[in-house]
Amino acid sequence: MALQPGKSPEHSIKIRTALAVALLLVIAIALAARFFYVQVMRHEYYLERAQKKFTHTTRTFGRRGEIFDCKRHLLVGNEPCKEISATPCNITDNQIRLKCARIMARYIGKSEVYFYRKLAPVIQKKAKDGTTQSVPNTYQMIARFFPFEEAMKMEAELRKIGVNNNTVSFRDTNRRTYPKGRMMTSILGFTNIINDKDVAQGGLEKKLDSEISQTTGKHTFISDRTGVPLDDGIILNQAARDGKNIFLTVEEPIQAILEEELDRAVEELAPEVIYAIIADPMTGRILAIAQRPTFDPNDRKTFANPQAIRNHIAEDCYEPGSVVKPLTVGRALDLGVVTPDQMIDCEKKKWIYGGRPLTDSHAVGKVPVSQVIVQSSNIGTAKIAVTLGKNCIYETMRKFGCLEKSGLPFLIESRGRLVPPHRWDGVQITRVAIGYSVQWSALQLLRAHCGIANPQGMPQLQLIDHYEDPETGESIYPETGNFRRVFQNESARQQLVEMMIGVTEDAHGTAKRAAIRDYTVAGKTGTSNKYDPVTRHYSNKKMCSFIGFVPARAPRLIMLVTVDSKTKGAAQQGGGVAGPIFSRTAKRVLEYLNVPPDKLMTEKE
């Protein structure tokens with residue numbers, strides 16, 4: 001380059017140096033501005049993008065708590081299995097895609113074409129503007145709750161052809177299982193998969209969901225560019241926790257006996273519904289509880305009958321008939337209004353009171369009070385009730401637990417039904433006293449008769465023995481509550497028990513078929529016509545019940561059986577319908593519990 005006239009080389013160099021410095025200064029300012037923009041103005045944006053790229057989160061899943069009987073027999077459990085999902089957009093080789101589909105089809109059972117389409121790396125998706133766009137296929141669920149062993153074999157084959165965990169993943173999970181099938185299912189409940197989660201749908205599963213449910217663990221860390229976790233890159237490390245295990249008071253062998261006997265009763269009687277409860281009247285612990293119809297939570301086809309899903313034992317209340325009579329007579333004995341030997345005229349089958357007739361199922365004349373219970377006289381019981389007065393009868397029903405919930409962990413439980421005495425008509429006192437115009441649940445009736453069997457009074461019913469934390473092994477026992485004394489005089493209670501023994505042993509007793517050889521059984525029958533809310537009249541359908549405790553004077557078990565609307569068999573009364581079910585079941589349970597026959601003991605003494 002030629003120099004201009006009058007310009008020295010040094011001057012030219014200075015100009016070029018100044019231009020270069022100016023250019024560098026402009027670049028430096030631009031870079032500083034860019035750095036400021038990126039590091040300060042857009043800090044949060046770029047930090048979030050960096051964290052998404054180098055921050056990873058893995059989740060671990062605890063197990064839902066399991067349910068056991070009191071002897072640690074598993075009633076509801078978890079079966080280890082795998083959840084299989086795929087990220088098809090990571091499959092770039094069509095041959096790998098074809099082999100992958102072939103392996104999945106062989107193990108899972110669907111066609112190769114089905115899986116080949118499912119593993120397409122690109123799928124068509126509608127945009128908001130209505131156009132169709134090709135987008136990467138980033139997630140496909142392949143199989144939920146797949147058997148663990150089969151999943152492991154399938155995973156090994158996929159790894160051999162080069163399919164890694166980023167393409168097809170196998171996550172450990174658990175499937176809820178009910179190893180006893182139909183046993184106790186209306187009480188235990190079940191779960192269902194909703195939005196990829198195991199959601200409780202009924203029974204104890206739902207009522208105790210907060211105790212049983214597991215928590216999800218979360219591990220968040222920062223990695224280098226190759227995905228290796230940094231030594232000091234842990235952001236969050238939250239461990240998963242298993243749900244609490246629940247131990248019931250139920251004893252599986254006793255439960256199995258009850259279930260077998262209900263199945264036999266269904267064959268013999270063909271009822272609409274039948275249910276029964278066995279408990280220890282000294283403690284209130286439920287030993288077995290079952291109903292028919294029922295369902296198998298492992299087979300969803302059995303869910304079709306809505307009567308099978310409902311918990312009739314807790315939800316239903318009904319007019320039970322004569323099983324209420326011991327409460328009325330027991331109250332009169334306790335207050336000294338009557339004595340066991342006091343004579344009562346039962347009018348030989350028909351009595352007019354308040355302008356309306358009250359009848360007995362068979363003719364009963366002048367008999368002692370003890371025979372009123374033995375022969376189940378409506379008229380004799382009603383006359384005793386009139387002597388007590390309507391306020392006393394109302395308070396008697398309340399004292400024995402009508403209108404109270406049991407406190408057992410059920411989603412729905414009936415409180416029963418009994419209107420206040422100021423709303424009674426002229427004859428209602430005679431109906432409430434014999435188990436009409438009052439509705440009880442099976443749980444309430446069971447607890448009320450525990451108050452007759454137990455000198456301490458009515459115990460709080462128990463179904464939960466304890467909870468167990470699987471991590472610490474700590475056991476948490478629920479409060480059991482106090483006994484409620486229902487008899488002021490122990491002699492009155494004992495007199496009533498002797499009368500109820502006569503129900504199964506006396507020649508005139510209404511439940512001789514409920515007797516058990518070599519054991520004294522105290523019990524009471526109940527037969528009532530069902531009220532039809534459509535016609536507003538009582539129908540020909542009957543509720544047949546029997547409740548009894550054995551050995552009568554030192555009881556080890558109490559059992560209530562209720563048969564709703566049987567359609568087979570000649571017997572029509574509680575003693576002939578429900579009594580034999582009680583006898584067969586209680587005999588087997590006594591043998592299992594190794595309870596010595598009390599009649600033989602009395603004879604030896």
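Let's start with the nonpolar core. In this predicted model, the largest one has 122 residues. Which residues have the most contacts inside it? Leu248, Trp440 and Phe582. Helix 17, residues 442-453, gives this core its largest share, eight residues.

Look at Leu248. Leaving aside residues up to four places away in sequence, Leu248 touches Ile67, Phe68, Asp69, Cys70 and Leu75. Its list also includes Met184, Leu188 and Leu204, then Leu463, Ile464 and Asp465.

There is a second core, separate from that one, with 20 residues. Among them are Cys100, Phe115, Ile142 and Val168.

Cys100 takes us to a helix pair. Cys100 is one of the helix 3 residues that contact helix 5. Helix 3 is residues 94-108, and helix 5 is residues 148-160. Their axes come within 10 Å and cross at roughly 165°. Angles over 145 degrees count as roughly antiparallel, so helix 3 is roughly antiparallel to helix 5. The crossing is right-handed. On the helix 3 side, Cys100 is joined by Ile103, Met104, Arg106, Tyr107 and Ile108. Helix 5 brings Glu150, Lys153, Met154, Glu157 and Leu158. By class, the contact has seven nonpolar residues, four charged and no polar.

Next pair: helix 12, residues 325-335, and helix 18, residues 490-505. Their axes are 9 Å apart, and the packing angle is about 140°. Helix 12 also passes helix 18 in a right-handed crossing. From helix 12 we have Pro326, Val329, Gly330, Leu333 and Asp334. They meet Ala492, Gln495, Leu496, Met499 and Met500 of helix 18. Here the split is seven nonpolar, two polar and one charged.

Now the backbone. Most peptide bonds are trans, and most residues other than glycine have a negative phi. Where are the exceptions here?

Two cis bonds first. One runs from Arg292 to Pro293, with omega near 5°. Pro293 sits in the loop between strand 14 (285-292) and helix 10 (306-309). The other runs from Val550 to Pro551, with omega near -15°. Pro551 is in the loop between strand 24 (537-550) and strand 25 (557-564).

Then positive phi. Lys348 has phi near 55°. Its loop lies between strand 16 (343-345) and strand 17 (350-353). Is Lys348 buried or exposed? Exposed, because its relative accessibility is 65% and the cut-off is over 50%. Ser437 has phi near 60°, in the loop between helix 16 (428-432) and strand 20 (440-441). Ser437 is partly exposed, at 28% relative accessible area.

Key: Residues numbered from 1 in each chain as written. Predicted model: local features only at pLDDT ≥ 70, side-chain atom pairs only at ≥ 80, totals over all residues. Heavy atoms only, no water. Axes fitted to C-alpha atoms, helices over the stretch in contact; angles between N-to-C directions. Helix = DSSP H or I, 4+ residues; strand = E, 2+ residues; numbered from the N terminus. Left-handed = near helix turned anticlockwise from the far one by under 90°. Contact = heavy atoms within 4.5 Å. Nonpolar A, V, L, I, M, F, W, Y, C, P; charged D, E, K, R; others polar. Core = buried A, V, L, I, M, F, W, Y, C linked by side-chain atoms within 4.5 Å. Buried < 20%, exposed > 50% of the residue type's maximum accessible area, 1.4 Å probe, protein only. Parallel < 35°, antiparallel > 145°, perpendicular 65-115°, else oblique.
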